[in-house]
Amino acid sequence: GPGFRVYTNGFGGPGFAFNAGGMPRQRRAGGAQQAQQEESGAGFRQMLQLLPLLVLFLLSFFNSGGDSGGGNKYFSLTARQPFVNQLHTKLVHIKDIPYYVDDRFLRTFNRDRYQLAQVERMVEKSYHTYLVQECGNQSTYKKRLERDARERRGVTEEERSRLLRRAEEFELVRCVELENLFPQGRQNDARSSKVSF
């Protein structure tokens, strides 16, 4: 009849067709092969309908995914396409943090002091996050060097002393920078990482 039909055929039992009027009627057994062909065609059509959403999802994932440069759509903390123009923060508390912008940013945002200040605040926050992560990574690496020097088997005392000296001399450059640029920030990060019940 007139209207659309949706066939549901659960787990092998007879399906029902819903007319546009909403009243279900049982499908005839003789049309089972035709119904299966219609269902497989409908499945393919449904997949085609979902394809644009899948493409959109993948594009957004690849455009934003894995951004280890600590940036966003306005800037990056590392030089990479399209962020190739280096600027330094000048309107926020922490001056001279290097960041990279694209050509469009230079033409638009760079001329608007308010917008530039907003972006520089984001740069400052991203740089703080970067320093916290790098400080943690360097601290972990130094502890591993110390542990390996103490626990390594089959080495002479002279070699162990050399390894321990190397571990002690490993500088936590990002931790020092974090402490210098964000002195209260590091303490706050340590407090916020503790879990209290």
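Asparagine 85 sits in strand S4, which spans residues 85–88. The model is predicted, so every value here is computed from predicted coordinates. The relative accessible area of asparagine 85 is 18%. Buried means under 20%, so asparagine 85 counts as buried.

What does the side chain of asparagine 85 meet in a polar contact? Its partner is the side chain of aspartate 103, at 2.9 Å. Aspartate 103 also appears among the wider contacts of asparagine 85. Set aside the neighbours within four places in sequence, and the contacts of asparagine 85 are Tyr99, Tyr100, Val101, Asp102, Asp103 and Leu106.

Now turn to the cysteines. How many disulfides does a search of the whole structure find? The search finds one. Cysteine 135 and cysteine 175 form this bond, with an S to S distance of 1.9 Å. Look at where the two ends lie. Cysteine 135 belongs to helix H3, residues 113–151, and cysteine 175 to helix H5, residues 173–181. The disulfide therefore ties together parts that are 40 residues apart in sequence. The bond has a handedness too. The torsion about the S-S bond of cysteine 135 and cysteine 175 is about 100°, so the disulfide is right-handed.

Are the two cysteines buried or exposed? Cysteine 135 has a relative accessibility of 5%, so it counts as buried. Cysteine 175 is also buried, with a relative accessible area of 5%.

Aromatic rings come next. Over the whole structure, a search finds five aromatic pairs. One of them joins tyrosine 141 and phenylalanine 170. The ring centres of tyrosine 141 and phenylalanine 170 are 5.0 Å apart, and their planes meet at 65°. Planes over 60 degrees apart count as edge-to-face, so this pair is edge-to-face.

Helix H3 returns here. Tyrosine 141 lies in helix H3, while phenylalanine 170 lies in the loop between helix H4 (157–169) and H5. The pair therefore ties together parts that are 29 residues apart in sequence.

How exposed are these two rings' residues? Tyrosine 141 has a relative accessible area of 30%, so it is partly exposed. Phenylalanine 170 has 25%, and is partly exposed as well. The cysteines of the disulfide, cysteine 135 and cysteine 175, are buried.

A last aromatic group remains. Tyr74, Phe105 and Phe109 come together as one aromatic cluster.

Conventions
Residues are numbered from 1 along each chain as its sequence is written. This is a predicted model: local features need pLDDT of at least 70, side-chain atom pairs count only at pLDDT 80 or more; totals for chains, interfaces and linings use all residues. Side-chain values use heavy atoms; hydrogens and water are left out. A disulfide is a pair of cysteine sulfur atoms within 2.5 Å. Helices (H or I, at least four residues) and strands (E, at least two) are DSSP runs, numbered from the N terminus. Buried means under 20% relative accessible area, exposed over 50%, partly exposed in between (1.4 Å probe, protein chains only). A polar contact is a pair of N or O atoms within 3.5 Å; within protein, one must be able to donate a hydrogen and the other to accept it, and residues adjacent in sequence count only if both atoms are side-chain atoms. Contact means heavy atoms within 4.5 Å. Rings of Phe, Tyr and Trp (its six-membered ring) pair if their centres lie within 6.5 Å; planes under 30 degrees apart count as stacked, over 60 as edge-to-face and the rest as tilted.
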